[in-house]
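Welcome! Please take a moment with the sequence and the model, and then let us walk through some of the parts together.

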Amino acid sequence: MPHILIVEDETIIRSALRRLLERNQYQVSEAGSVQEAQERYSIPGFDLIVSDLRLPGAPGTELIKLAEGTPVLIMTSYASLRSAVDSMKMGAVDYIAKPFDHDEMLQAVARILRDRQEARNAPAATAASNVRGGGAEKTAESANGEIGIIGSCAAMQDLYSKIRKVAPTDSNVLVQGESGTGKELVARALHNLSRRAKAPLISVNCAAIPETLIESELFGHEKGAFTGASAGRAGLVEAADGGTLFLDEIGELPLEAQARLLRVLQEGEIRRVGSVQSQKVDVRLIAATHRDLKTLAKTGQFREDLYYRLHVIALKLPALRERGNDVLEIAQAFLVRQYSRMGREPLRFAHDAEQAIRHYPWPGNVRELENAIERAVILCEGAEISADLLGIDIELDDLEDDDFGLPGNSQSSSGSHEPTEDLSLEDYFQHFVLEHQDHMTETELARKLGISRKCLWERRQRLGIPRRKSGVTSSP
């Protein structure tokens, strides 16, 4: 069980964080200051240290050198977020803004601990990779160990090949894909396989920073540049100098900030807010979005010149529902990780759970899958996880193809001409509804599809299929 040290002077926050981590099967110790932590514990003996930046006496960054290689996660209030940039320059593994979301904290802790374990296992993984080949059986995780992404479908194999080709270059990369598909994992792989691997990877979620602060956060500011700017601060672009800057949800970046970012890409220099002087930076940019930037550029919502600067290399991450049996492989990896982290005996998926996982469309992609499995492991009382424990809407999605009105189903219309070959369940649903909604009531549509009217309505909302106004009437 991983052992985590919390260093936080506010008792309420420290206690709440301790309870959160203990509920998630972590062993936790705590201290109110760096001095107290030194007096009570052997700091390098912990697996992770979570510390507030501002503490009585020495700041939390003092723990970085005292930890002797143990990762330190810095917590900071939003007003002092730029101070966290300096923390990362001093060796902090990451920072998290207060007040933090519980899920965000747990994800950060799990990722840091996982990265540390993988770093420890790296020599063994390298040795194993040297003996692979011939008829040796290999898992997707070991085969793609240097990339750190699970999956072996054709689309992912093509993605791995492109990552290996692109990573050693300094070209800008645009990672596209739905929310939750793992765009940050691709960014980390590109960074770790590049010549910049020993320099910082600074990750920024453009949608999470208020529009009024985004320019200051990214490019820094001078003293007196705006109300409250009592001192000059470096921005996140400057913090990534020599390394990689990952801008997630770049489609949310305001136009003014886009113009500044374009200068970074064109001239390799930044100018802090309120400054008249520029300074050179050496930054590789990786951007990610789930939006269509080309369309946004045509409508004036995104700078066209910036789009073409970003679109040097485009990597497309497929949605989880498009990855075939990868979903079961990923689910199994999550299951092992969760029951191991919680100190439980090995668990397995029941057949109905596997069917549900395979056929559910996972609109939240890998993130939704991980959350569903974590919930199932917590609630499971036996050795087998059933479909019910996954907590997903499987009224429609746990059906086999022949239950869904695909060829061979006695309910499908013999005179219909639906192109059923190579259609996913989502595609078939959309095609069926659009084909028949003009002459069927909602009740008839739902009955033909083998689902409830509530489920039909929810699917319409998610897929953006409006109900047409027609002569067909249905009861409310």
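## Strands S1 and S3

Let us begin with one pair of residues: Ile-6 has Val-50 of S3 as its bridge partner. This pairing belongs to strand S1 (residues 3-7) and S3, which run in the parallel sense and are joined over 4 bridges. Please keep in mind that the model you are looking at is predicted.

Is strand S3 (residues 48-52) buried or exposed? Here 5 of the 5 residues are buried, so S3 is largely enclosed by the rest of the structure. You can follow the side chains in two directions: Leu-48, Val-50 and Asp-52 point one way, while Ile-49 and Ser-51 point the other way, and all are buried.

## The chain as a whole

Stepping back, the chain has 21 helices and 14 strands. Of its 476 residues, 47% are buried. Among contacts between residues at least 6 apart in sequence, 67% join residues at least 24 apart.

## A sheet of five strands

Now look for an open sheet of 5 strands with parallel pairing, in the order S7-S8-S11-S6-S12. Which strands lie at the edges? They are strand S7 (201-205) and strand S12 (313-316), each of which pairs on one side only. On average, neighbouring strands in this sheet are turned by 20 degrees against each other, direction ignored.

Within the sheet, strand S8 (residues 244-248) and strand S11 (residues 284-289) pair in the parallel sense over 4 bridges. Leu-245 is a handy place to find this pairing, as its bridge partner in S11 is Leu-285. Helix H7 (residues 154-166) packs on the sheet and touches strand S6 (173-176), S11 and S12. The direction of H7 makes about 150 degrees with that of S12.

## Helices H7 and H8

Two packed helices are described by the angle between their axes and the distance between the axes. For H7 and H8, the axes come within 9 Å and cross at roughly 40 degrees. Therefore H7 is oblique to H8. The crossing of H7 with H8 is right-handed.

Which residues bring these helices together? On the H7 side they are Leu-159, Ile-163 and Val-166, and these meet Val-186, Ala-189 and Leu-190 in H8. The residues of this contact comprise 6 nonpolar, no polar and no charged.

Helix H8 (residues 183-192) has 7 of its 10 residues buried, so H8 is largely enclosed by the rest of the structure. The buried residues of H8 are Lys-183, Val-186, Ala-187, Arg-188, Ala-189, Leu-190 and His-191.

## Helices H14 and H15

Our last stop is another helix pair. Helix H14 (residues 326-341) and helix H15 (residues 351-359) have axes that come within 9 Å and cross at roughly 120 degrees. That angle makes H14 oblique to H15. The crossing of H14 and H15 is right-handed.

From H14, the contact uses Val-327, Leu-328 and Ala-331, and from H15 it uses Glu-354, Ile-357 and Arg-358. How do these residues divide into nonpolar, polar and charged? In the contact of H14 with H15 there are 4 nonpolar, no polar and 2 charged residues.

Definitions and conventions: Residues numbered from 1 in each chain as written. Predicted model: local features only at pLDDT ≥ 70, side-chain atom pairs only at ≥ 80, totals over all residues. Heavy atoms only, no water. Axes fitted to C-alpha atoms, helices over the stretch in contact; angles between N-to-C directions. Parallel < 35°, antiparallel > 145°, perpendicular 65-115°, else oblique. Left-handed = near helix turned anticlockwise from the far one by under 90°. Contact = heavy atoms within 4.5 Å. Nonpolar A, V, L, I, M, F, W, Y, C, P; charged D, E, K, R; others polar. Buried < 20%, exposed > 50% of the residue type's maximum accessible area, 1.4 Å probe, protein only. Pairing = 2+ DSSP bridges.
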